[in-house]
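This report goes through one protein chain, residue by residue and helix by helix. The sequence and coordinates come first, and the reading follows.

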Amino acid sequence: MSHTPLPAQVVDVGHGFWNIRGSFKIALFDVGTQASLVRRQNGRYLLLDACRLSAETLAWVRTLTGDDLEAVLHLHPFHTVFAARLHAELPQAKLYGTARHHRVVPDLPWEPLHTEDPELHALFADDLVLSVPRGVDFIPEDENLHFASVLAFHPASRTLHVDDTLSYARLPWPVRAFKQDLLILHPTLAKVLERRAGAVADFRAWAEELVTRCQDVDNLCAAHSATLLAADNRGPSIAERVRAAVDAVDGKLAKHERRFG
């Protein structure tokens, strides 16, 4: 393994998982974004998502992975801005994206499987557990609704990489005097629930699976905010935080269920 110093942009979560914090500006605000590098059990590597890599970070990735960067998995259908640039920088990696990636950036050499497909999940099941929210529109017509993504669990490092579906924020002063941080389900949930009978039941079942899965999660890497690593967590466990986030949307779910069944 390379002994190249870790770039400032990279967080070493441990056990073959590195989170890369990226910049993404909307108007005057930098809302941030992320990618993650995963070392597989077979010694090869995967990149989850894309962000702008500094020259130092790009050199680090190239040195660490060599010829063994197997694939880039784009996990959020509306995170497409950096896909072409990252492929140009790391062209040897196979390219997987959601159906929307194929549509929005059609000139890239996408592999046939989409990252929301169960068949794709099976390809990488030795190293990742990939989960798609049920009962919601994964790619809604309204492109401002960014709730759904493919959640990636890395059991070896007990880490969850998630874009938007779960939103984590460290709260500013003076609020932090009372509450340090906040984990919620993305606020667009009510607008993406499928308008059919049974949609809420499907979502509740998926949410329960999420809570259960998070019992084996100690580290959270969220797209537009920050990481919450086990060493820094002074509050409830990740599973307890996710349970609270799910409980907090019960009213929205009940309202939708009363209307559509």
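L108 is found in the loop between α3 (99-104) and β9 (110-114). Helices here are DSSP runs of H or I with at least four residues, strands are runs of E with at least two, and both are numbered from the N terminus. L108 is buried, with a relative accessible area of 13%. Buried means under 20% relative accessible area, exposed over 50%, and partly exposed in between, with a 1.4 Å probe and protein chains only.

The model is predicted: local features need pLDDT of at least 70, side-chain atom pairs count only at pLDDT 80 or more, and totals for chains, interfaces and linings use all residues. Residues are numbered from 1 along each chain as its sequence is written, and side-chain values use heavy atoms, with hydrogens and water left out.

**Around L108**

Which residues does L108 touch, leaving aside neighbours within four places in sequence? The partners are A83, A84, H87 and L95. Contact means heavy atoms within 4.5 Å. A205 is 97 residues from L108 in sequence, and the two C-alpha atoms are 36 Å apart in space.

H87 sits in helix α2 (residues 83-89). H87 is buried too, at a relative accessible area of 15%. Residues up to four places away in sequence are not counted among its contacts, which are A93, L95, L108 and P109.

**Two nonpolar cores**

A nonpolar core is a set of buried Ala, Val, Leu, Ile, Met, Phe, Trp, Tyr and Cys residues joined through side-chain atoms within 4.5 Å. The largest has 54 residues. Those with the most contacts inside it are L73, L160, L189, F203, C214 and V242. Helix α6 (residues 199-213) supplies the largest share of this core, 6 residues. A second, separate core holds 25 residues, including L53, L58, W60 and L108.

V242 belongs to the largest core. Not counting residues up to four places away in sequence, V242 touches L166, L183, L210, V211 and C214.

**Helix α6 and its partners**

Two packed helices are described by the angle between their axes and the distance between the axes. Axes are lines fitted to C-alpha atoms, for helices over the stretch in contact, and angles run from 0 to 180 degrees between N-to-C directions.

How do α6 and helix α7 (residues 238-248) pack, by angle and axis distance? The angle is about 160°, and the axes are 8 Å apart. The pair is therefore roughly antiparallel. Angles over 145 degrees carry that label, those under 35 count as roughly parallel, 65 to 115 as roughly perpendicular, and the rest as oblique. The crossing of α6 and α7 is left-handed; that is, the near helix is turned anticlockwise from the far one by less than a right angle, whereas clockwise would be right-handed. On the α6 side the contact is made by A207, E208, L210 and V211, and on the α7 side by A239, V242, R243 and V246. By class, these are 6 nonpolar, no polar and 2 charged residues. Ala, Val, Leu, Ile, Met, Phe, Trp, Tyr, Cys and Pro count as nonpolar, Asp, Glu, Lys and Arg as charged, and the others, Gly among them, as polar.

Helix α8 (residues 250-260) also packs on α6: the axes come within 9 Å and cross at roughly 150°. These two helices are therefore roughly antiparallel to each other. V200, A201, F203 and R204 of α6 meet D250, L253, A254, H256 and E257 of α8. The contact divides into 5 nonpolar, 1 polar and 3 charged residues.

**Positive phi and prolines**

H15 and D164 each have a positive phi in a residue other than glycine. The table sets out their values.

| Residue | Phi | Loop | Relative accessible area |
|---|---|---|---|
| H15 | near 55° | between β1 (10-12) and β2 (17-22) | 61%, exposed |
| D164 | near 70° | between β12 (159-162) and β13 (166-170) | 5%, buried |

P118 lies in helix α4 (residues 118-123). P118 counts as exposed, at 57% relative accessibility. L130 is 12 residues from P118 in sequence and 8.6 Å away in space, C-alpha to C-alpha.

P236 lies in the loop between β16 (227-228) and α7. Buried, exposed or partly exposed: which class does P236 fall in? At 40% relative accessibility, P236 is partly exposed. P236 and C221 are 15 residues apart in sequence and 16 Å apart in space, C-alpha to C-alpha.
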